[in-house]
Structure formats: C-alpha cells, structure tokens
Amino acid sequence: MMRDTRWGLATAQAMLGKQGQISMVEVAALCNACPIDEMVSQIAGALPDAKVMAIQQVVKGRMDTLHRFSNFSLGMSAVVILVGSLVVLTTMMSSVRERKEEIGIFRAMGFRKSHVMGIIFSEAAILSGPAGLVGYLAGTAAAYVAV
C-alpha cells in the first residue's frame with residue numbers, strides 16, 4: 001500500500017527525470033509478528049535496482065551509531081578526568097615542595113604526619129571544591145547555550 005503524499009510518486013519521478021524508476025523503498029509494519037524480512041526480500045526481488053530496507057533496520061543502525069558515540073564520549077570523559085587529576089597531582093606536589101619549611105615547623109611543634117596531611121588535604125578541598133562547582137556550572141551553562 002502506497003501512501004499518498006503531497007506531490008505523489010509520478011510527480012517526483014518527473015521532477016527528477018526518473019520516470020518509472022524507484023531507487024529506494026522503506027518497509028514499515030505496525031505489528032510485531034509481521035514477516036518484515038520476507039517482505040523486504042520479496043520487494044527487493046521485484047525491484048532489483050532499488051535499495052530496499054526495513055525502517056526497523058534504519059532505526060537499529062542509528063541506535064548503534066548513538067551507542068558508539070556514547071561510548072566515545074565516555075572514553076573522552078575518562079581521558080579528561082585523568083588529565084585533570086594529573087594536573088591537580090602536579091600542583092599539589094609542587095605546593096608541598098614549596099612548603100617544606102612550613103611542614104618542618106609543624107613537625108617540630110609536634111604535629112604528626114597525619115595532621116600535616118590533613119592540613120594539606122583540607123587546603124586542597126577548600127580550593128578545589130568551589131573551583132569544581134564553578135567549572136560544573138560554567139560547563140552546564142555552556143551546554144545549554146550550545147544546544
């Protein structure tokens with residue numbers, strides 16, 4: 001059954017200079033038990049020059065593409081998180097190296113290593129928490145603007 005469109009098949013063929021030719025057929029059925037593969041093969045046999053495909057296959061192909069893009073996005077996110085973590089690690093290591101004297105004074109006053117580490121990690125949390133929040137908000141705003 002062919003659906004009546006605004007111009008019709010004959011008009012479209014005349015406009016494209018392809019009278020009597022069909023180049024593509026998409027098969028759609030509204031039931032789960034319909035033998036779509038058989039229908040596609042029968043139509044392909046009747047129209048050997050036409051590309052015949054089930055819309056279900058097109059949707060599966062698009063979903064596969066979206067799945068691959070999603071996996072790619074997750075991989076890129078992992079790389080970004082890794083690079084960001086290395087930047088934070090490098091920054092913290094240089095901060096500890098620069099503050100050797102302060103750390104030595106703390107240790108001489110009786111602070112344990114765990115206390116000194118607590119101070120360093122607290123400072124890192126105080127600095128990185130708001131920075132992460134600002135980055136999250138800026139990224140979300142940029143995504144809304146882009147979309």
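## Helices, a cavity and a pocket

The largest share of the lining of the second largest pocket comes from α3, which supplies five residues. This is a predicted model, and this briefing walks through that pocket, then a helix pair, then a cavity. Keep an eye on α5, since it turns up in the pocket lining, in the helix pair and in the cavity lining.

**The second largest pocket**

- This pocket holds about 230 Å³ of space.
- Want to find it in the structure? Look for Val87, Val88, Thr91, Met92, Ser95, Glu123, Ala124, Leu127 and Ser128, which line it.
- Both α3 and α5 put at least two residues each into that lining.
- Sorted by class, the lining of the second largest pocket has five nonpolar residues, three polar ones and one charged one.

**How α4 meets α5**

- Two packed helices are described by the angle between their axes and by the distance between those axes.
- Here, helix α4 covers residues 100-108 and helix α5 covers residues 113-146. Their axes come within 10 Å and cross at roughly 140°.
- That crossing angle is why α4 counts as oblique to α5. The cut-off for roughly antiparallel is over 145 degrees.
- As for handedness, α4 passes α5 in a right-handed crossing.
- Which residues make the contact? On the α4 side they are Ile103, Phe106 and Arg107, and on the α5 side they are Lys113, Val116, Ile119 and Ile120.
- By class, the contact of α4 with α5 has five nonpolar residues, two charged ones and no polar ones.

**The largest cavity**

- Rolling a probe the size of a water molecule over the atoms shows where empty space is left.
- How many cavities of 30 Å³ or more are there in this model? The count comes to one.
- About 60 Å³ of space lies in the largest cavity.
- Its lining is made up of Ser95, Val96, Arg99, Ile103, Phe106, Val116, Ile119 and Ile120.
- Three elements give two or more residues to that lining: α3 (55-98), α4 and α5.
- Which element gives the most to the lining of the largest cavity? That's α5, with three residues.
- By class, the lining of the largest cavity has six nonpolar residues, one polar and one charged.

**Residues that show up twice**

- Ile103, Phe106, Val116, Ile119 and Ile120 are part of the contact between α4 and α5, and they also line the largest cavity.
- Ser95 lines the largest cavity and also lines the second largest pocket.

Terms used: Residues numbered from 1 in each chain as written. Predicted model: local features only at pLDDT ≥ 70, side-chain atom pairs only at ≥ 80, totals over all residues. Heavy atoms only, no water. Axes fitted to C-alpha atoms, helices over the stretch in contact; angles between N-to-C directions. Helix = DSSP H or I, 4+ residues; strand = E, 2+ residues; numbered from the N terminus. Parallel < 35°, antiparallel > 145°, perpendicular 65-115°, else oblique. Left-handed = near helix turned anticlockwise from the far one by under 90°. Contact = heavy atoms within 4.5 Å. Nonpolar A, V, L, I, M, F, W, Y, C, P; charged D, E, K, R; others polar. 1 Å grid on protein atoms, 1.4 Å probe; cavity = no way out; pocket = protein on both sides within 12 Å on 5 of 7 lines; lining within 4 Å. Points joined across faces, edges and corners; volume = space filled by probe spheres on them.
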